Amino acid sequence: MFQKKLITEKSVSAESIDGLRDILESDFQPKYFTTSLRDLDLHEDGTVTAEGKRWHCTEEFMRKVAKAIGMPINYAYKIDFALFKENFNRRKTLDCRGVKICISRGYAVNVCKADYFPARTVDILENLPDRFRNFRFNNAAVSDSSVEISWCDEKMQINPQPGDTILGGIKLTNSETGSTGLRASLFTLRLVCSNGCVILDEKYSTRWSYDRRMTYSLSLIHI
């Protein structure tokens, strides 16, 4: 089993785009530390060190560490930390690849390839197409692993029966800490319940391009 003193991931919601920007540019502004897999050291107190730096870890970070050395997750959860660490130390010496530690709120939340380079959500917000200006902001959820933002189009309404209104909209999901990359999709929101009920999660999705022939700005326009 992983260490018992791992950090619990955190998530918050934003009620406006300005509030979302404040969250993304403060507590949830990601940082990165590039090192090599063999330079990572795991500790029983729930921390990881690399080149003199130390961070507390989340469970997702430890899952990605297991994946990095080819350790099956089911096996990783069944063994104690001492055996997990021994497996890691033996395997990491055979692999000198570069890795990037993704840091959120000061905690290590993921480990990715050294060339990991995500789309920044604040850049996405600054480069939204004009059609977004006509939509109503619905909600946004930000966590250590991802952000999800949705807008509703008040003009795209379906009313199967009186009082049962369904709105169409656009949802953006992104991660700057190694989870699912930037994706835009259509969704529908049913306004029967006071808190809304999403009945169709996504359709006609388009994703962030990792094609290295495309520039960062061109990839933002593509989405």
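## Overall make-up

Helices here are DSSP runs of at least four residues and strands are runs of at least two, both numbered from the N terminus. Counted that way, the chain has six helices and twelve strands. Keep in mind that this is a predicted model.

The chain runs to 223 residues, and 45% of them count as buried. As for how the fold is wired, take the contacts between residues at least 6 apart in sequence: 54% of these join residues at least 24 apart.

## A three-strand sheet

One open sheet is built from three strands in the order S3-S4-S5, and the pairing is antiparallel. Strand S3 (41-43) and strand S5 (53-56) sit at the edges with a single partner strand each, so one side of each has no neighbour in the sheet. Going from one strand to the next, the twist averages 25 degrees.

Zooming in on one pairing, S3 and strand S4 (residues 47-50) run antiparallel and are joined over three bridges. Asp 41 takes part here: its bridge partner in S4 is Thr 49.

## Salt bridges around helix H4

How many salt bridges does a search of the whole structure find? The count is eleven. One of them links Lys 92 with Asp 41, with the closest N and O atoms 3.0 Å apart. Lys 92 belongs to helix H4 (residues 81-92) and Asp 41 to strand S3, so this pair ties together parts that are 51 residues apart in sequence. The two ends of the bridge have their own surroundings: Lys 92 counts as buried, at 7% relative accessibility, while Asp 41 is partly exposed, with a relative accessible area of 31%. So Asp 41 has a bridge partner in S4, namely Thr 49, as well as a salt bridge to Lys 92.

Helix H4 also holds a pair of its own. Arg 90 and Glu 86 meet through their side chains in a salt bridge at 3.3 Å, N to O. They are four residues apart in the helix, which means about one helical turn lies between them. Arg 90 counts as exposed at 59% relative accessibility, and Glu 86 is partly exposed at 39%.

## Other charged groups

Away from that helix, Asp 18, Arg 21 and Glu 126 are linked in a network of salt bridges. Arg 120 has a salt bridge too, with the side chain of Asp 123 (3.0 Å, N to O). Arg 120 is partly exposed, with a relative accessible area of 36%, and this residue turns up again below.

## Glu 176, a buried acid without a salt bridge

Glu 176 is in the loop between strand S10 (164-174) and strand S11 (183-190). Which side chain of opposite charge is nearest to this buried residue? That would be Arg 120, 4.7 Å away. A salt bridge needs the nitrogen within 4 Å of the carboxyl oxygen, and Glu 176 has no salt bridge. Arg 120, for its part, is bridged to Asp 123.

What does the side chain of Glu 176 make a polar contact with? The partner is the side chain of Thr 121, at 3.1 Å. Leaving aside residues up to four places away in sequence, Glu 176 touches Pro 30, Tyr 32, Tyr 116, Pro 118, Ala 119, Arg 120 and Thr 121. Both Arg 120 and Thr 121 are therefore on the contact list by the 4.5 Å heavy-atom criterion, and Thr 121 is the one named in the polar contact.

Conventions. Residues are numbered from 1 along each chain as its sequence is written. This is a predicted model: local features need pLDDT of at least 70, side-chain atom pairs count only at pLDDT 80 or more; totals for chains, interfaces and linings use all residues. Side-chain values use heavy atoms; hydrogens and water are left out. Buried means under 20% relative accessible area, exposed over 50%, partly exposed in between (1.4 Å probe, protein chains only). Lys and Arg count as positive and Asp and Glu as negative; His and the chain ends are not counted. A polar contact is a pair of N or O atoms within 3.5 Å; within protein, one must be able to donate a hydrogen and the other to accept it, and residues adjacent in sequence count only if both atoms are side-chain atoms. Two strands pair if DSSP finds at least two bridges between them. Axes are lines fitted to C-alpha atoms, for helices over the stretch in contact, and angles run from 0 to 180 degrees between N-to-C directions.
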